[in-house]
Structure formats: structure tokens, C-alpha cells
Amino acid sequence: MKKFSLVEFSVDHPKLVVFLTIFVTVLFMTQFTKIKTDTNPKNMLPATSDVRVWNDEVDKTFGLYEDTIVLGVVNDKGILNPGTLEKIRRITDDILAIKGVAARDVSSFPTITNVTADAGTLRVAPLMTQTPKNEAEITALRKQLFESPLFINRIISPDGKTTAIYAPLEKGANGKEIADKIREIAKREKGDEKYYIAGDPVARDTFGAEMFKLMAIFAPIAGCVMLLVRYLMFRDLFLSVTLMMDAMISIVWSMGLLIGLGFPVHIMTSMAPVFLMAIATDSIHIFNEFYFRYREKKDKRTAIIETMQAVGRPVRYTALATAAGFAVLLFMNIIPVKVFGGVVVFGTLSLRLLSFSFIPAMFTFVKDEKISRIAEAEDVGLNGTSRFLRKLAGFGTHHPKSTVLVGFALLLIALIGISRITVNNNMVEWFKKGSEVRVADREINKSLGGTSLGYVVGISKEDDFVKNPETMRYLEGLQRHLEKLPVVGKTFSVADYVKRINRVLHDDDPRYDVIPDSKDAVGQYLFLFSMSAKPSDLDNVVDSSFKKANIWVQLKTWDAKAMETVIRAVDDYKKAHPIAMELKPAGIAYFNMIWNHEVLWDMVKGFILALIAVLLILALDFRSIKWAVIGYMPLLFTIVLIYGVIGFVGKDFDMPISVLSCLSLGMAVDFAIHFVSRFRQRMAATPDEDVSEALLWTAARPGKGIMRNAILFAASFAVMLFAPLTPYITVGAFIVTMMLLSSLMTIIYLPALITLTQRWLIKGGTK
Amino acid sequence: MRTLFVAASIAMSLFLSSTSFGMGAEDVVKKSQAAFLYPGKDFKARVMMKLINKDGQERIRELTMLRKNFGEPGGDQKYFMYFHQPADVRDMTFLVWKYPRKDSDRWLFIPAIKLVKRIAANDKRSSFVGSDFSYEDVSGRAVEEDNHSLLREEKYEGKDVYVVKSVPKASESVDFGYKLSWIDKGSFIPWKEEYYDKRGSLSKVFTANEVKPVQGFITVMRRTMKNVQSGHRTEVVYSDVKYNQGLSDSLFTERSLKNLPREISR
């Protein structure tokens, strides 16, 4: 009964308690100056994770870049005219001058290596050293562009209306900042051309930056909405502010701790304040009960202490359930997820400590007359809300069978929906359809090979293995095989260079557009190429000992699924055509696939753990497995129904959804805990009353707290529906639905279940 | 005679110059090119090139190089190269006719298909056999293509040097923004050259690592070009250096690409 004395202590020494709370808060606040942020979603996987180590190795071997920004230039009249070409030259020059851009490897008309035959002469040079001035020069350029498979779909669309400038970034460069600079450069140009900027770093860094911004905007707005809704509920500004402070203090404590311990604030943890604010709404049950008690006792001190006696247990256990739901995150593999779990657990526990100290202390400062005025309105019999809730619960209580049947029917339909869920993740789709990032991606993917880049790395054990004509033909065959996939827009490898040189050496005779028959010829062609081309041209596709080859695979979508189909196609090809070479996927598309996979399954694992943890806590709270199972039902129904809808709507089960499912459990179960606890208290306190009357009372009185809690919660998350990023809209919609559904389930479905199973429950359980 | 001339020109420029330094920057560069790229009437050496990437992985190029001057320093030159390594390009031969004021003519013999092919490439940007040297770094850049200015005179590793800044007149034709050279006041050998990109950051660094006189000609026996941005570097070592062998003109023709003259295989 230690907690108990904390309440009494707080009521007796309110000023001391408030002072101490504020003092501790200020201490935590001093940590805020040390804040470090990490907006890169890539860091969800540590730099030491297998996929990042492997990708780094591939980048090193082939002199590749982790990230590339793509600037698409579109002219509906065709880009091959002196005006547009001059703009491309100018823009390329300006891009080369941006710090953080790996200038030596920018691919664009003025920089890309071209191999041509010209009156018996082999020419290896940048494609466009000077802007063509007349029709003859344009025609020559057009011919070169369209006869080289190295250019089509990479820097020129087959219809000649689109080109792209590929700007690889140096390690550590900020994609969004560079993208902004490129945007400025493009903006300076006037004319018919349209410019689109895309690429993984744009999406990722823009998302990271936006996410932080949104959190800075949405957390305060959500706070204000909550304050307003609370004021409308209780008409008491002082107490509404107290509730608000409760949330704020816990946020300051937990974020202060996080920063103080030296963790950077990652995009994941930036969501913690909004979650804590939502969890803090649970203290509304204290207020709800307090006014009822005050009406009955007319004494502030007694009312406070009795309130805490009545709601203390459910408040403690809902906190425990919430904390447990988040604590499972501590067992996950992904560090930012762990940190996030830790922050919310700490915040939830702080909130409970405050509920038993700071909140009771603040109650003592409210004038008696004011409380009685509000309390007048809180009459179970007279109050409209309470009467409505009684009616709702009455439906379940009086028609238990049909209620349960309807519930089961819904459950079955939802299960069909769940079976239709597809697992996928697409970062570009985290932006709204009309957003710049998404439009750019769509436009470039429409006409060129694709903005998403994966690699297939062939690794042999033998020096010069790649120079074998068989290996070359193998690479070529694999490329043609991959290009059959609808998601693959373009591939290229060292075989393309060899074929090109073979043809050019033979006076551009198309019959020689093949791999030559001898290894020496391949070796000499490549040597010849390396004599004049940029070093990176060859480095990008073979390693220095010619043991390894790298096929570039441009994908037309950022779907994590796309890279999976590529990997499957590679495996199929390897099975059908064995070769002494290992074929391994790599690149940013591969990273995204693994990243998505890891986070997703980590969350599914967390979800299952949370389900078990919550059930255990219910059993512990109710000291009965049977009651725990009953109390579990609204939660289960809510979750199944929501996923059913997701399945039917055809929304992908993506990363934001998987994160949410895990988090929602601990919060959705709260209502059932309050309901069952208070119902059983009522049964114990008034043994003469029959079960249905006790159920109706519970729905009307603590049920009002549940409804208030749900509305408050839903109201604050509804703000997110107006966010510009789709994961926020998803989070908002998910939580609003979950709160409303689980509260309705608790008020209607739980009474029906309890009525039907009362013999079984009460015989074996409470008494 | 040479020192006399230098002394005279120093005295002249001291008297006349507006740069206030010893001699005109353009003269320094001219002399440097003569000493570095044009010594002797002809030249022959075994050249070992190591192309080394950031992680220390190497590609080897080994060749015999012959050079003959046609005219004064700063004028035309012809190069003949015969490759020994890598193994699959053995017997490949390469002929370059270099003209200071336009792109060189080049022919390559590809033994696998027994074909001599003329090759056109941009001297200013193309890499020399895949190394960090461009063709221009190997064979020089016409003095009048840049505006040269003497920045200062200082000591470089104990040697008295001129520090010259060269800024291309036609900036769009080259990849670099400007170049700084540390040129020995006595031998006019460039000890170091720094290439800056158009953003003004250092991109490539040339260093002469070992210099010794051969038959009276100061010769850079070991040199390195490092791309500081990519971490890639090329190390070049000369051996069997011989000057004034009386190499015949007929050696530097398309004919000898296929049928290697004895002078080379020897």
C-alpha cells in the first residue's frame, strides 16, 4: 500500500510535491541543449549490419556511390535542339560545382563516355564536348545516342523527349540539401523544359527532414486540441491545464533522459512525444471518477483519496499494459526501435508516478465551489452522455447472443480481408500522389530506365574469369533475362562495353554487336577502352583483377517487392544455367528491401510478444485467466477488424503499419482493463445488484471516462490526418479508428460477452 | 651556355618585368616543359605503371616507350609504345603523333584481331591507359593555352623553386580550374603540381619522387599522380633510360605497329 500513502502525502503536502515535480522537470530540461538529431531513416539498421557492410564492400570494389540524385529534363518537343542542349550543358556545369557531388562521375551529355566509329577512327570521348549549333551536328548527336544501347533509357528516352543527369553523392553528403541546390539551378532556366528531381537520397532525406518538422508542428497542435477537448468536457481550465502539464512533464522527463544519455533523436524517437501525450489521456479516468466522488462526499480530500482507491488499480494496470506493449520493443534487433521503446516505457511510468502525486496535489488547489459546480453535471442518471452509454451497453446486455453473433460474422469477414494483405514497402509512396518527390519519380520512370538502382554482383574465384567469352555471354544472357521483368527498366554490364567496342572496331557493322570469341580479344578490347575512358567507367562494372563483375539493374519502382523479383529471377537463371560464379544482390534497392524486411518482421515479432505480454498482464490484474480472455476480446476484435479493412482496401502492410500494430496493443487494451476492473469492484461492493444492472452502471460511470478517453485520444491523433506524408495519415487514421472501435467494443461487446458467460466467469472467478 | 642564358633572362626580367619576380612565368613554364618533356633528340625507357585504388588494389601496365622530337622544345613529338603487361595485351602497340596545338593522332594495333585502328580521343580529358594521368599530363599542354603567373619563390623540400599558377584561357575545354606548379629554379623540373577543380578544391597532385641525371639529362625516374578526391593514384617507374639512340623516323609509322622493328624488341 505504498502507492496509497503517496497519494495522501501529496494531498497533505501539495506545494512540496508540485515544487519537487517542477524542480526535476527543470533538471531534465537542462539536458535539451545537448540535443543531436539523426534524420536518416537508413540508420534504422546500424552501419555494422550485414547488408550495409556488404553494400559498402560492393561500393568499394566497383568505386560506386551509395546514393545518386537524378535530375530529369523533359521537353515535349524533344530535347535534341541547341537551346535545350545548351541548358543541359549549363546545368551539368553548375551541378559539377556543387560541394558533395562526386563531380568526376556525374553522368550527363557533356560527361558520359561515348565510343564511336567515325571514318575508320575509333573515338572514345565524352558524348557532347560542345553544344551542337546546327542541324548537322544535332543529327550526328542523335545518331550516336540512339545507336548505343549504353545511352538509351539511361540518358535518353526512346522518344527523345527526356534526358537525365545522374549526380552521385560523396559519402556523408546531405541528399536534401544537394537536391535543393539542383532545384535552384534548374529554376534559373527559362523555357519549355520541365525538370524533375528524384532518387533515393531525395526521398529519404526529404522524408527524414519533413518528419522532424511535422513532429515539431503536430505535437503542439495535438496538445492544443487535447486541451480544448478537455476544457469542453470539464469546463475547468485549471484542471485541463493540469492534465496537459502531466503529459508535458513526462515528455520533458523522457526526452531529457534520452538526450542526457547521449542518444541522438532519431525519426522514430521524434514520435515519442505524441505517443506520450496520447498515453497521458488515461489520467482522465481520475478526473472522471473524482467529480462523481465529490458529488457523493462533498469533501475534497476524501474524494481524492477515494478516487485514487477506486481507479488506482486500473490506472496502474493500464499503465503496466501500455508499458509492457512498448517494453517488448526493447527486445527487438533494431536499435532506434529499442530506444523508442525505452523512451515510451520510461514516459509511461513517469506518467503513472505523476498520476499518484502531482495530479492529486494539483486537485487541492481547486476551489471547492468550482468543483461542485462541475460535479453537479456529472450525475449518472441525469447526464446525457451517461444515459447514452447505458443504452449502448444495454444493447449488448439485453441481446447478448445476437451481439456476439454479429461480432463473429464481422470477425470472419475481417479474416478474409487479412488473407489478402500484401507485404510491401515503398518509400516514394510515403509522399502524397501530387507531391514533388512522387511526381518526379513517376515522370522519370515513365520514360527512362528507372530511378531505383540495384546491382547483381558476380563473384568468381579466378583472376580474369570475367574476360572469358563464356562469362561475358553469361552476363549478357542474365541481363536479357532480367530485362523481361516489368519492374526492370534497364541493365548494363561490362558485356555491353565489350560488344560496343567489337562493333565499333569493325566499322560499326551490326553483325559484330556480339561478344568476340577469344579471351584475348575481350582483354584487349577492355584495355583499349580503359586507355581512353574515365577510370570509373570500367571500375564500375569489373574489379581490378577481373574476378568480379557488376550488373547494374535500374528499377522502375521503389517497391521492396521489385528487388525480390529480381533476386528470384537471378536464382532461376542460375539454376537453369550453372556457372562457377556466385551471384549476389546489392545496391540501394537491395538495402531498401532488407531494411523493410528487417523492420517489418521485427515489428511482427514485437506484435506477437506484445499480444502475449498484454494477456499476461490482464491475467495478473484480474487474477483470473478467464477474465483476462474476456478482457482481451475487444482488443482482438479491434485489431482484426482494422487489418481486415486494410486487406480489403488493398493497402500494403508496410513499415508504418507494422510499427503501429505493435504500439497500438498496449493502448487499445486500456478500456477493457478499466471496464472489467470497475465492473468487478461494483459487483463486490453491491452484492445484491444483478449482473446486468452492474454492467449498465459500469458503462454509464467509468464508461464515460472510457468514452472521454477515446474521444480525447482520437481528437489528438485526428490532427495527423492533415499531414503531407502518407505514413502520418496512416498513423492518424489507424489510431482514431482503433480508439473508437475499441471503446465501442468495450461498451457494447464486452457486456454481451460477460452476460453470456457470467456463470462460467463468476463461478470460477471473482467470488 | 644555358646558365648564361638563364642568368641573362633573369637579369632582363628583373629589369623589365612587371611581375617583380625573377623571370616571367611563361618563360619558367616554357623552360620547365623543355627540361621535363623534351630532353634529348630521342628517348627510350621501360615504363612500369601501377594503377592503385583507394584500397590498395593494383592494376599493372608495363610498356616500352620511345619518343622522338621533331623540331624545337614545344614542337611536335612522336611516341611509340609496346606493351608487356597485362598478359592479355602483350604485343599490343601504340603510336602517338603529338601536336602541341591540336589533338594527337593515335593508332593502336590490336593483336587478337590483327587490326590497326586509328583512335581519336580528347587529350585534355582522356586518361592515359587508364591511369590518373591524362594524355596532356604525359605529353604536355601548349604554353599559350594558359595564363601563367608567378605566385612566389620558395623552398620545396630544400630546393629553390618558382611557384607558378596556370589558369586555362578556355575553361570549358578542360576539367580543371587552375594548376599550381613547383618548378626547380636550377633544373626546371616540376617537383610538384596541384590541379584544382572548378569548385576550387584540390583534385589531383603530381609529384616527382626520384630524379637523376642520365647521360647528362635530368630525368624523373619515379613519379606519382594522385587523385585526392577518389583516392586513386598511379605510380610510374622508368628504367633502362637511354637518350639520343638515333631512333629512325620510320619507326614511328603505322607499319611498325604490326611488324615490330628490331630496335624495340631488342
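In what follows, Ala, Val, Leu, Ile, Met, Phe, Trp, Tyr, Cys and Pro count as nonpolar, Asp, Glu, Lys and Arg as charged, and the others, Gly among them, as polar. With that in hand, let's look around this predicted model, starting with a pocket.

The second largest pocket has a volume of about 890 Å³, and 40 residues line it. Nearest its centre lie Arg123(A), Pro126(A), Leu127(A), Thr129(A) and Gln130(A). Both chains contribute elements that give two or more residues to this lining: β3 (113-118), β4 (121-126) and α5 (135-147) come from chain A, while β4 (93-99), β5 (102-110) and α3 (135-139) come from chain B. Of these, α5(A) gives the most, with 6 residues. By class, the lining divides as follows:

| Class | Residues in the lining |
|---|---|
| nonpolar | 12 residues |
| polar | 11 residues |
| charged | 17 residues |

Now to the two chains themselves. Their contact takes 41 residues from chain A and 37 residues from chain B. Together the chains bury about 3200 Å² between them, with 54% of it on carbon and sulfur atoms. On the chain A side, Gln524(A), Phe527(A) and Met531(A) supply 23% of the area buried against chain B, more than any other three residues.

Finally, a helix worth a visit: α26 of chain A, residues 670-685. Its 16 residues should span 22 Å at 1.5 Å a residue, and the end C-alpha atoms are indeed 22 Å apart. Is this helix largely enclosed or exposed? Because 12 of its 16 residues are buried, α26(A) is largely enclosed by the rest of the structure. Among the buried residues are Phe671(A), Ile673(A), His674(A), Arg678(A) and Met683(A).

Terms used:
Residues are numbered from 1 along each chain as its sequence is written. Chains are lettered from A and ligands numbered from 1 in the order in which they are written. This is a predicted model: local features need pLDDT of at least 70, side-chain atom pairs count only at pLDDT 80 or more; totals for chains, interfaces and linings use all residues. Side-chain values use heavy atoms; hydrogens and water are left out. On a 1 Å grid over the protein atoms alone, a cavity is a set of points where a 1.4 Å probe fits but cannot get out, and a pocket is an open set with protein on both sides within 12 Å along at least five of seven lines; lining residues have an atom within 4 Å of a point. Grid points are joined across faces, edges and corners, and a volume is the space filled by probe spheres set on the points. Helices (H or I, at least four residues) and strands (E, at least two) are DSSP runs, numbered from the N terminus. The expected span of a helix is 1.5 Å times one less than its number of residues. Buried means under 20% relative accessible area, exposed over 50%, partly exposed in between (1.4 Å probe, protein chains only). Contact means heavy atoms within 4.5 Å. Buried area is the accessible area (1.4 Å probe) that two parts lose on being put together, summed over both.
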